[in-house]
Amino acid sequence: MWDNIVLSGFADEIHENLSEQIRVLKKLGMNHVEMRGVNGKGLVEYSAGEAREIKKQLDEEGIRLSSVGSPIGKIQITDAFEPHMELYRRTVEIAHIMETDYIRMFSFFMPEHEDYAPYKNEVMDRLGQMADYAKANDVILLHENEKEIYGDTACRCLEIMEAFYGDHFKAVFDFANFVQCRQDTLEAYEMLKPYVAYVHIKDALWSDASVVPAGTGDGHVKEILEKLKASGYNGYLSLEPHLSDFAGFSALEQNASQKKKLDGEEAFTLAYDSLMKILRQL
């Protein structure tokens, strides 16, 4: 096993209700959450007062945030930026209320079927404003590689890290997202390993980009986790199941004769069990 990591996850994939999220997290022995959605809407959509009430409920149950799973940077690069900066400023306030340093974010959707290069300067200008604000307000931005944003491939993630990496700007490594972008994850890890401060656990198939349990796809999850362990990584591994429509579930169930749509608890538990199977081998 790997003792120096902390398990977290996107518990809104369990259920929209916070009480149900907490119940399943505790059932699995987890005491951290990467909070994205709660009680039917995004965490960053709540007022400061409402966020404090959410924090109070988490505190009472011994659950802490590993990160705010924000949508920051998930707008078109051609969209107006100032309204989004206002949402970002509110997100930073909520991170402080929730007593987490980390805010997951992105580097803007690119126009479909267009070359990304003409938009690089605008991407970097916007990220620069966000990085400056993070430094001034003592939070840490975690850039996630995501399909169809500027930082989708390892090369463009590296561009971003070389421009902004530091105490307040670091990288999330997401296996499945790289697979879905036709990016070899082993190559991506070698390019980005100095910058990785947070890991999302989900896997995907090269053939059709479908998300599958960790270790059963083409993301080289076990191999890269071995490399992370050897490097001394001691951060979060955050479950992001995306498995409610997992087509291969019937193959995992004895006597199952047809595809079964998983409910949120089943999908999250499958993601947890798949990760634990890998961790026990490390």
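This is a dialogue about the pocket, the cavities and one helix of a predicted model.

Trainee: How many cavities of 30 Å³ or more does a search of the whole structure find?

Mentor: The search finds 2. The largest has about 40 Å³ of space, and the second largest has a volume of about 30 Å³.

Trainee: Why is a space called a cavity rather than a pocket?

Mentor: A cavity is a set of points where a 1.4 Å probe fits but cannot get out, whereas a pocket is an open set. The space of about 40 Å³ is listed as a cavity, so by that definition a probe placed there cannot get out.

Trainee: Which residues line the largest cavity?

Mentor: The lining consists of I201, K202, D203, V211, V212, P213, A214, E240, P241, L243, A271 and S274. Strand β11 (211-212) and helix α10 each supply at least two of the lining residues.

Trainee: What makes A271 a lining residue of the largest cavity?

Mentor: A lining residue has an atom within 4 Å of a point. A271 is in the lining of the largest cavity, so it has an atom within that distance of one of the cavity's points.

Trainee: What is the lining of the largest cavity by class?

Mentor: There are 8 nonpolar, 1 polar and 3 charged residues. Lys, Asp and Glu count as charged, so K202, D203 and E240 are the charged residues in that lining.

Trainee: And which residues surround the second largest cavity?

Mentor: Its lining is K55, L58, D59, I63, R64, L65, M98 and E99. Two or more of these come from each of α2 (48-61) and β5 (64-68), with α2 giving the most, 3 residues. By class, 4 are nonpolar, none is polar and 4 are charged.

Trainee: What is known of the largest pocket?

Mentor: About 210 Å³ of space lies in it. Of its 12 lining residues, A214, G215, T216, S274 and K277 lie nearest the centre. Helix α10 (residues 264-279) gives the largest share of the lining, 5 residues. The classes are 5 nonpolar, 4 polar and 3 charged.

Trainee: Why is L228 of helix α8 called buried?

Mentor: Buried means under 20% relative accessible area. L228 is listed as buried, as are V221, I224 and L225 of α8 (residues 221-231), so each of the four falls under that cut-off.

Trainee: How do you know that the buried residues line one face of α8?

Mentor: Seen down the axis of α8, they fall within an arc of 100 degrees, so they line one face of the helix.

Trainee: What follows α8?

Mentor: G232 does, and its phi is positive, near 90 degrees.

Note on methods: Residues are numbered from 1 along each chain as its sequence is written. This is a predicted model: local features need pLDDT of at least 70, side-chain atom pairs count only at pLDDT 80 or more; totals for chains, interfaces and linings use all residues. Side-chain values use heavy atoms; hydrogens and water are left out. On a 1 Å grid over the protein atoms alone, a cavity is a set of points where a 1.4 Å probe fits but cannot get out, and a pocket is an open set with protein on both sides within 12 Å along at least five of seven lines; lining residues have an atom within 4 Å of a point. Grid points are joined across faces, edges and corners, and a volume is the space filled by probe spheres set on the points. Buried means under 20% relative accessible area, exposed over 50%, partly exposed in between (1.4 Å probe, protein chains only). The arc is that of the directions from the helix axis to the C-beta atoms.
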